[in-house]
Amino acid sequence: MAVGTAVASTDPRGAAGPRAPAERDSAGPRNSVDPRAAAARVDDLLTRLEQLGDSRTRVLAEEIVRALMEFYGAGLAQLTAIAGTENVRAFAAEPHLGALLAMHGLHPVSTRRRVEEAFARLGELPGARTLRFEITGTEEDPVVTVHSSGRPPGPTVVAAVEDAVETAAPEVTVLVEGAGAAAPGDLAAGRALLPVVGVSAT
């Protein structure tokens, strides 16, 4: 009985064989996911569970999210330990990777320093110079409370502050004093997008 062996064709005119690594790298939409949008979607789903009024379902959902973050965080911690300090700093400079490192307590720049840099980037935004902040809460649930030494900040300033701080430090909850209450049903307003899960790189 004859046994046939499949051999990949080397004839360029033949059927296409396995794609080269460069082709695979450029073919898929690997960088098409906005990390903040993805995290916001998870938070929105958790918020909708809260609105259902079933506390057991909400607790289970939050535990699932936390377990997944711990699982991926453990792998990320090992990766950063292998990569070394300089490479980790390069990773952190990329918005998506920086957000992942921050959410797992692995970002090489402290939360305070990143928040300070976020305020510095607000630059000449009208009303931004009167703003001050303090970081309270716990390591797992840090809170950035923003105060104004002048008039209460308007919606434009509030939105700019929240965007700048949440981009630089997605692990924090942002509270802007004098900004007014959240809209009815907007349970996620001001909250950190995802729970922070601290892991060790050792």
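**Figure 1. Arg-113 and Glu-117 stand about one helical turn apart in helix α6 of this predicted model.** The two residues are separated by about one helical turn because they are 4 residues apart in α6. Their side chains meet in a salt bridge, with an N to O distance of 3.1 Å; a salt bridge is a side-chain nitrogen of Lys or Arg within 4 Å of a carboxyl oxygen of Asp or Glu. Arg-113 is partly exposed at a relative accessible area of 46%, and Glu-117 is likewise partly exposed at 31%. Here buried means under 20% relative accessible area, exposed means over 50%, and partly exposed lies in between (1.4 Å probe, protein chains only). Helices (H or I, at least four residues) and strands (E, at least two) are DSSP runs numbered from the N terminus. Residues are numbered from 1 along each chain as its sequence is written, and side-chain values use heavy atoms, with hydrogens and water left out. In this predicted model, local features need pLDDT of at least 70 and side-chain atom pairs count only at pLDDT 80 or more, whereas totals for chains, interfaces and linings use all residues.

**Figure 2. A buried salt-bridge partner, Arg-114, links helix α6 to the loop between α7 and β3.** The closest N and O atoms of Arg-114 and Glu-171 are 2.6 Å apart. Arg-114 belongs to α6 and Glu-171 to the loop, so the pair ties together parts that are 57 residues apart in sequence. Arg-114 counts as buried, with 6% relative accessibility, and Glu-171 counts as buried at 4%. Side chains of opposite charge can pair when their charged atoms come close.

**Figure 3. Arg-48 and Asp-44 form a salt bridge in helix α2.** The N to O distance between the two side chains is 3.7 Å. Being 4 residues apart in α2 (residues 35–52), the partners are separated by about one helical turn. Arg-48 is partly exposed at 46% relative accessible area, and Asp-44 is partly exposed at 37%. The structure holds 4 salt bridges.

**Figure 4. Helices α2 and α3 pack in a roughly antiparallel manner.** The axes of α2 and helix α3 (residues 55–83) lie 9 Å apart, at an angle of about 160 degrees. Axes are lines fitted to C-alpha atoms, for helices over the stretch in contact, and angles run from 0 to 180 degrees between N-to-C directions. The two helices are therefore roughly antiparallel, since angles over 145 degrees count as such, those under 35 as roughly parallel, 65 to 115 as roughly perpendicular and the rest as oblique. Their crossing is left-handed, a term used if the near helix is turned anticlockwise from the far one by less than a right angle, with right-handed used if clockwise. Val-42, Leu-46, Leu-49 and Glu-50 of α2 make the contact with Thr-57, Arg-58, Ala-61, Glu-62 and Val-65 of α3; contact means heavy atoms within 4.5 Å.

**Figure 5. Three strands form an open sheet of mixed pairing.** The strand order is β1-β2-β3. β1 (131–137) and β3 (173–176) are the edge strands, each pairing on one side only. Neighbouring strands are turned by 20 degrees against each other on average, direction ignored. β1 and β2 (residues 142–148) run antiparallel and are joined by 7 bridges; two strands pair if DSSP finds at least two bridges between them. Gly-137 has Pro-142 of β2 as its bridge partner. Helix α6 (residues 111–121) packs on the sheet, where α6 touches β1 and β2, and the direction of α6 makes about 160 degrees with that of β1. Helix α7 (residues 155–168) lies across β1, β2 and β3 and runs at about 160 degrees to β3.

**Figure 6. Helices α6 and α7 pack with a right-handed crossing.** Their axes are 9 Å apart, and the packing angle is about 145 degrees. Arg-114, Val-115, Ala-118, Phe-119 and Arg-121 of α6 meet Val-161, Ala-164, Val-165 and Ala-168 of α7.

**Figure 7. Helix α5 carries buried residues that other helices help to cover.** In α5 (residues 95–103), the buried residues are Gly-98, Ala-99, Leu-101, Ala-102 and Met-103. The elements covering them include α3, α4 (85–93) and α6. Just after α5, Gly-105 adopts a positive phi of about 70 degrees.
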